[in-house]
Amino acid sequence: MTASTVYITTMVFIFGPGSQALDLLKATATFRDPPFTPSVHCWCSSYPNVTLCSWPESLCSHPTQYLATYSERHSNADPKTCHLIPPGSLSSTVTTVPSSSVSEQLWQCHLPNLKLLTEYILNITAVHSDGSSSHLTSFMLEDIVKPDPPVDVRVSPLTAKTLLVEWSPPPTWTSMDIFPLKYQILYQWEIRGTPKFINLGPFENTKAQLKGLIPGRTYQFQVCAKEMLGLGQCSDWSSPIKITIPVTKL
């Protein structure tokens, strides 16, 4: 007599404002080895042209295949296939991955030619020999805009207590003439081992003067970028730049 296999189907709804179901997690699994359920993160690094979604590679012992489709939420059109980019692919370095996931092996999918002010549904399904699991999520481009960090941050002294901070826009933001960016500066220092920080901005230019700094003190500077009208969220902070204010006057 052979033992029968029992399957379990689990569905979890995640609700947003107005009790509208935004995310759906569905898993069909055996008792032996529950399948990996993708945790999907989507962002638009160059509004409106570059939209990516990513999820970590499965750690289960069985080979896992992924199916990725997307469609307009209020349309009867057939879903479109999302272009999959495996972990480690050169194509996956076109834009910055989420900072919290840098150490993970990430799958990505590229969603081209999305419409403005349109809600989409993304379906990522992980399939292996013991079952399958899906993550469905809905989004609008305007809600997931997140530029890559500014680059080439430079700090130079102007006077004994004044610094000039300069930077360049993220090169992946390709529509600067139509959708310009604004910026924030974060600078930090320590007083007797206690960290202090100030967040300044927004700035529409790519440089700013910071006055009233203390000679002999070391400061750390970072810059983030956000779409000018406030769509989405600010980028991750740029790589930190440190400078010590000279004690003697310039």
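Biologist: Let me start with a word we'll need: buried means under 20% relative accessible area, exposed means over 50%, and partly exposed is in between, using a 1.4 Å probe and protein chains only. What is the relative accessibility of Cys82?

Modeller: First, a heads-up: this is a predicted model, where local features need pLDDT of at least 70, side-chain atom pairs count only at pLDDT 80 or more, and totals for chains, interfaces and linings use all residues. Residues are numbered from 1 along each chain as its sequence is written, and side-chain values use heavy atoms, with hydrogens and water left out. Cys109 counts as buried at 0% relative accessibility. Cys82 counts as buried too, and its value is 3%.

Biologist: Let's talk disulfides. How many does a search of the whole structure find?

Modeller: A disulfide here is a pair of cysteine sulfur atoms within 2.5 Å. Cys42 and Cys53 make such a pair, with S to S 2.0 Å, and Cys224 and Cys234 make another, with S to S 2.2 Å. Number the bonded cysteines of the protein chain in sequence order and the pairing reads 1-2, 3-4. The search of the whole structure therefore comes to two.

Biologist: Take Cys42 and Cys53. How many residues apart in sequence are the parts they tie together?

Modeller: The link of Cys42 and Cys53 is right-handed, with 110 degrees about the S-S bond. Cys42 lies in strand 3 and Cys53 in strand 4, so the distance in sequence between the parts they tie together is eleven residues.

Biologist: Are those two cysteines, Cys42 and Cys53, buried or exposed?

Modeller: Cys42 has a relative accessible area of 13%. For Cys53 the figure is 0%. Both are under the cut-off, so the word for Cys42 and Cys53 is buried.

Biologist: Which residue is the bridge partner of Cys42 in strand 4?

Modeller: Strands (E, at least two residues) are DSSP runs numbered from the N terminus, as are helices (H or I, at least four), and two strands pair if DSSP finds at least two bridges between them. Strand 3 and strand 4 (residues 50-56) run antiparallel and are joined by five bridges. The disulfide joins Cys42 to Cys53, and in strand 4 the bridge partner of Cys42 is also Cys53.

Biologist: What is the order of the open sheet that has strand 3 and strand 7 as its edge strands?

Modeller: This sheet has four strands with antiparallel pairing. Strand 3 (41-46) and strand 7 (83-85) each pair on one side only. The twist averages 30 degrees from one strand to the next (axes are lines fitted to C-alpha atoms, for helices over the stretch in contact, and angles run from 0 to 180 degrees between N-to-C directions). The order is 3-4-8-7.

Biologist: Over to the other disulfide. Where does Cys234 lie?

Modeller: The torsion about the S-S bond of Cys224 and Cys234 is about 90 degrees, so this disulfide is right-handed. Cys224 lies in strand 16 (residues 218-227), and the parts the pair ties together are ten residues apart in sequence. Cys224 is buried, and so is Cys234. As for Cys234, its place is the loop between strand 16 and strand 17.

Biologist: And the open sheet with strand 16 in it: what is its order?

Modeller: Four strands form it, with antiparallel pairing. Its edge strands are strand 14 (194-203) and strand 17 (241-244), and neighbouring strands are turned by 25 degrees against each other on average, direction ignored. Strand 13 (residues 181-191) pairs with strand 14 over eight bridges. The order is 14-13-16-17.

Biologist: Which strand gives the largest share of the largest nonpolar core?

Modeller: A nonpolar core is a set of buried Ala, Val, Leu, Ile, Met, Phe, Trp, Tyr and Cys residues joined through side-chain atoms within 4.5 Å. The largest one has 43 residues, and Leu111, Leu122 and Phe221 have the most contacts inside it. Leu111 touches Cys53 and Cys82, among others (contact means heavy atoms within 4.5 Å, and residues up to four places away in sequence aren't counted). The largest share, five residues, comes from strand 13.
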